[in-house]
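Let's go through this model and ask, label by label, what each one rests on.

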Amino acid sequence: MDGTTGKVFIGKIPTVEAKIEEQTDLLTLLGWADELAARKDIRILPDGRKAPGLQVWANADYPKDAQRARSYGAKGIGLCRTEHMFFETERLPIVQKMILAETSEERTGYLNQLLPTQRKDFDGLFEAMNGYPVIIRLIDPPLHEFMPDEEKLFEEVVTMRVKGETKGLKEKEDLLASIKSLHESNPMMGLRGVRLSIFMPEIVEMQVRAIFEAAADCTKRGIVVKPEVMIPLTGTVKELEWIQPRLVRIAKDVTEEKKVDFQYKFGTMIEIPRAAVTAGEIAKLAEFFSFGTNDLTQMTFGYSRDDAERNFLVTYVAAGILPKNPFQTLDRDGVGKLMQMAIDDGRKTRPELEVGICGEHGGDPDSIEWCHMIGNNYVSCSPFRVPIARLSAAHSALKYSGKKIAEDK
Ligand code: PEP
Ligand code: MG
């Protein structure tokens with residue numbers, strides 16, 4: 001069906017992907033929206049300073065996504081989930097060996113094999129976003145996600161034993177034992193995020209080296225880079241005190257080795273309620289906050305995001321217990337309030353603290369309005385949602401133009 005004319009066509013007809021570059025009316029409208037949101041007096045901060053409205057950034061893991069985001073008008077990358085790069089077919093076997101390594105030296109050996117490809121990934125991102133900030137999140141998921149499926153492997157081992165096949169059996173048995181040792185009852189609350197970085201620092205050390213080597217190479221080619229390294233799932237400032245100085249040391253080593261200078265930041269995601277409540281402390285180290293509202297919603301409500309949406313949430317919304325699905329539209333009274341508190345406390349420690357959001361809510365108009373009201377600098381969403389987010393940022397700018405953000409609430 002042609003959604004504009006209402007014409008219905010029988011059968012499959014050839015189609016082409018719409019190109020935003022050709023939508024001149026839309027581009028004009030979005031240009032006006034950006035101009036409005038960028039006006040320097042759109043918001044008045046609690047200390048009386050004037051500030052512009054929201055910028056719109058995008059979540060992008062690969063250079064092609066970053067290029068698309070840029071063509072849709074994104075002014076930065078708010079989240080690059082680096083683990084996606086580890087899942088690629090030729091890299092995954094090395095990643096698996098790296099995880100199962102028994103010594104730090106062995107692990108570093110495999111990581112050194114991954115370093116050139118990671119560097120290439122980041123190089124492409126910086127090139128695509130020339131002049132704009134790129135937030136790269138260090139590895140986040142639990143390690144079992146990179147390993148073969150435990151149940152399937154168990155079946156293979158049992159089948160081989162039953163058939164009396166011995167060739168390759170020992171390797172499979174050893175692999176199964178290793179996967180079992182990684183098993184956690186509740187992996188989303190287990191060894192992941194910054195905890196994993198502290199448990200196995202070699203992985204993030206490689207990632208930070210790759211980020212800074214790529215940034216240095218791009219700088220030498222005349223590209224303006226603004227890397228921002230993001231540490232996920234922080235719960236206490238002590239975690240940052242443990243890991244961040246080691247990573248900053250690597251950044252400094254690389255810029256000295258390569259004799260280049262560029263702006264960079266180290267910051268964290270705020271996705272655990274404890275981090276929001278202790279944001280004043282966390283901002284002593286973190287130069288920016290990005291609200292991971294998928295996890296923050298999950299952990300504030302105590303709902304498993306992988307399960308809630310396919311069972312009780314529908315009933316809850318139908319019964320009026322929840323007004324909307326909180327994984328789609330930010331729950332202002334709970335999660336939103338934690339965000340507001342975190343921004344206020346964070347900026348008491350660090351007045352220039354950059355604040356964004358990179359959970360799914362970053363592309364939802366109602367949630368974008370809340371981000372405007374509490375003083376976020378930007379929202380980051382999927383590239384396809386960037387145009388809607390630009391309009392929403394302008395709507396908020398119009399609605400609250402020139403108001404003190406504290407009064408908005
Ligand atoms: C989040 O938790 O909101 C987030 C962006 O991280 P992820 O969805 O990758 O856990
Ligand atoms: Mg998260």
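What follows is a short round of questions about the ligand site and a few backbone angles.

This is a predicted model, where local features need pLDDT of at least 70, side-chain atom pairs count only at pLDDT 80 or more, and totals for chains, interfaces and linings use all residues. Residues are numbered from 1 along each chain as its sequence is written, chains are lettered from A and ligands numbered from 1 in the order written, and side-chain values use heavy atoms, with hydrogens and water left out.

Q: What makes a residue part of the group that surrounds ligand 1, and which are the closest?
A: One of its heavy atoms has to lie within 4 Å of the molecule. For ligand 1 that gives 14 residues, the closest being Arg81, Gly292, Asn294, Asp295 and Arg305.

Q: Why is the pair between glutamate 271 and ligand 1 called a polar contact?
A: The term asks for two N or O atoms within 3.5 Å. A polar side-chain atom of glutamate 271 is 3.0 Å from a ligand oxygen, so the pair fits. Backbone atoms join in too: a polar one of threonine 293 is 3.0 Å from an oxygen of ligand 1, and one of aspartate 295 is 2.9 Å from a ligand oxygen.

Q: What makes the shell around ligand 1 charged, polar or nonpolar by class?
A: Asp, Glu, Lys and Arg count as charged; Ala, Val, Leu, Ile, Met, Phe, Trp, Tyr, Cys and Pro as nonpolar; the others, Gly among them, as polar. On that count the shell has seven charged, four polar and three nonpolar residues.

Q: Which helix supplies the largest share of that shell?
A: H13 does, with three residues. H13 (293–301) is a helix in the sense of a DSSP run of H or I with at least four residues.

Q: How do you know that H13 is mostly covered?
A: Seven of its nine residues are buried, meaning under 20% relative accessible area (over 50% is exposed, in between is partly exposed; 1.4 Å probe, protein chains only). Among them are Thr293, Asn294 and Asp295.

Q: Why is leucine 233 called buried?
A: Its relative accessibility is 0%, so leucine 233 counts as buried. Leucine 233 also has a positive phi of about 60° although it is not a glycine.

Q: Why is lysine 259 called exposed?
A: Lysine 259 has a relative accessible area of 72%, so the label is exposed. Its phi is positive as well, about 55°, although lysine 259 is not a glycine.

Methods
A polar contact is a pair of N or O atoms within 3.5 Å; within protein, one must be able to donate a hydrogen and the other to accept it, and residues adjacent in sequence count only if both atoms are side-chain atoms. Helices (H or I, at least four residues) and strands (E, at least two) are DSSP runs, numbered from the N terminus.
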